[in-house]
Amino acid sequence: MRFALWFALVPVLFAQTTGIVGGTVVDSITKQPIPGVSVTLRNSSKPELAYQATSDGKGVFRITGMQEGAYRSGCVECEKEGYTPFQSGPKIATPPLVVTHLEPLRVHFELIPLGKLRGRVMDGEGRSVRDAT
C-alpha cells in the first residue's frame, strides 16, 4: 500500500515548475519584424539568472525552461546592430514579467532604429574635403 501511494505521488513531487516566455520583436517605426535579435530576460531578484533566445525571420522568439519568478520588464537586454532598446524622456515604472508554469507568457518588444548621418565635410572655405570619414 505504501509503495502504491509513493508511486502515485512521484509525478506530483517532480512536476514541472518552469515557465515559457514567447513573443515578437519589431521595429518601433515600421512595425516590421526584426530577425536575429538577441533577447535576454533577467530575473529581478537574482540578476545572475538569465535566459536568452534569438528572434527568427519573423521576429519571433521563445524561451523555455525558465525558473518561475519576476523578470525585468521591457527589452532592456535586446541586442541587434542598428537598433537600441532605450527611449529618451521620463522613465516610467513598468511591472515585472511574472513567469509561472501555469501558462506561457506572451510579450511584444519594439526596438528603436538608430539614426544614420549622411552629408559632406566642408573645410573652412566651404570646399568639400575628399575622403573624410
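Which residue's side chain meets that of K31 in a salt bridge? In this predicted model, the partner is E110, and the nitrogen and oxygen of the pair lie 2.9 Å apart. The contact links distant parts of the chain, since K31 belongs to the loop between β1 (18-27) and β2 whereas E110 belongs to strand β9 (residues 105-113), with the two positions 79 residues apart in sequence. Neither side chain is counted as buried: K31 has a relative accessibility of 46% and is therefore classed as partly exposed, and E110, with 32%, is classed as partly exposed as well.

## Overall make-up

The chain has 133 residues, of which 25% are buried. Its secondary structure amounts to one helix and nine strands, and, read from the N terminus, the helix is followed by the strands in the order α-β-β-β-β-β-β-β-β-β.

## Strand pairing

Strands of a sheet pair through backbone hydrogen bonds, and the pairing may be parallel or antiparallel. Both senses are found here. Strands β1 and β9 pair in the parallel sense, over seven bridges, and within this pairing T24 has H108 of β9 as its bridge partner. Strand β9 is also joined to strand β7 (residues 83-84), in this case by two bridges and in the antiparallel sense; here the bridge partner of Y83 in β9 is P113.

An open sheet is built from three strands in the order β3-β2-β6, with antiparallel pairing. Because β3 (50-54) and β6 (77-79) stand at the edges and each has a single partner strand, one side of each is left without a neighbour in the sheet. On average, and with direction ignored, neighbouring strands of this sheet are turned by 10 degrees against each other. The antiparallel pair of β2 and β6 is held by three bridges, one of which can be placed at the residue level, with T40 having E77 of β6 as its bridge partner.

## Salt bridges

Five salt bridges are present in the structure. The table sets out three of them, with the distance between the N and O atoms of each pair.

| Salt bridge | N to O distance |
|---|---|
| K31 and E110 | 2.9 Å |
| E77 and R42 | 2.6 Å |
| D123 and R127 | 3.2 Å |

The salt bridge between E77 and R42, with closest N and O atoms 2.6 Å apart, again links distant parts of the chain, as E77 is in strand β6 and R42 is in strand β2, 35 residues away in sequence. E77 has a relative accessible area of 23% and so counts as partly exposed. These two strands, β2 and β6, are the ones joined by three antiparallel bridges, and E77 takes part in that pairing as the bridge partner of T40.

The remaining pair in the table is formed by D123 and R127. D123 is partly exposed, with a relative accessible area of 28%, and R127 is likewise partly exposed, with 49%. Elsewhere, salt bridges that share partners join R42, R72 and E77 into one network.

## The cavity

How many cavities of 30 Å³ or more does a search of the whole structure find? Such a search finds one, and the volume of the largest cavity is about 40 Å³. Rolling a probe the size of a water molecule over the atoms shows where empty space is left.

The residues that line the largest cavity are T40, L41, R42, R72, S73, G74, V76 and E77. Strand β2 (residues 38-42) supplies the largest share of this lining, with three residues. By character, the lining divides into two nonpolar, three polar and three charged residues. The lining includes R42, R72 and E77, the residues that salt bridges with shared partners join into one network, and it also includes T40, whose bridge partner in β6 is E77.

## A buried leucine in a loop

L49 lies in the loop between β2 and β3. Is this residue buried or exposed? With a relative accessibility of 18%, L49 counts as buried, because the cut-off for that class is under 20% relative accessible area. L49 and Y71 are 22 residues apart in sequence, and their C-alpha atoms are separated by 9.5 Å in space.

Terms used:
Residues are numbered from 1 along each chain as its sequence is written. This is a predicted model: local features need pLDDT of at least 70, side-chain atom pairs count only at pLDDT 80 or more; totals for chains, interfaces and linings use all residues. Side-chain values use heavy atoms; hydrogens and water are left out. On a 1 Å grid over the protein atoms alone, a cavity is a set of points where a 1.4 Å probe fits but cannot get out, and a pocket is an open set with protein on both sides within 12 Å along at least five of seven lines; lining residues have an atom within 4 Å of a point. Grid points are joined across faces, edges and corners, and a volume is the space filled by probe spheres set on the points. Helices (H or I, at least four residues) and strands (E, at least two) are DSSP runs, numbered from the N terminus. Ala, Val, Leu, Ile, Met, Phe, Trp, Tyr, Cys and Pro count as nonpolar, Asp, Glu, Lys and Arg as charged, and the others, Gly among them, as polar. Two strands pair if DSSP finds at least two bridges between them. Axes are lines fitted to C-alpha atoms, for helices over the stretch in contact, and angles run from 0 to 180 degrees between N-to-C directions. A salt bridge is a side-chain nitrogen of Lys or Arg within 4 Å of a carboxyl oxygen of Asp or Glu. Buried means under 20% relative accessible area, exposed over 50%, partly exposed in between (1.4 Å probe, protein chains only).
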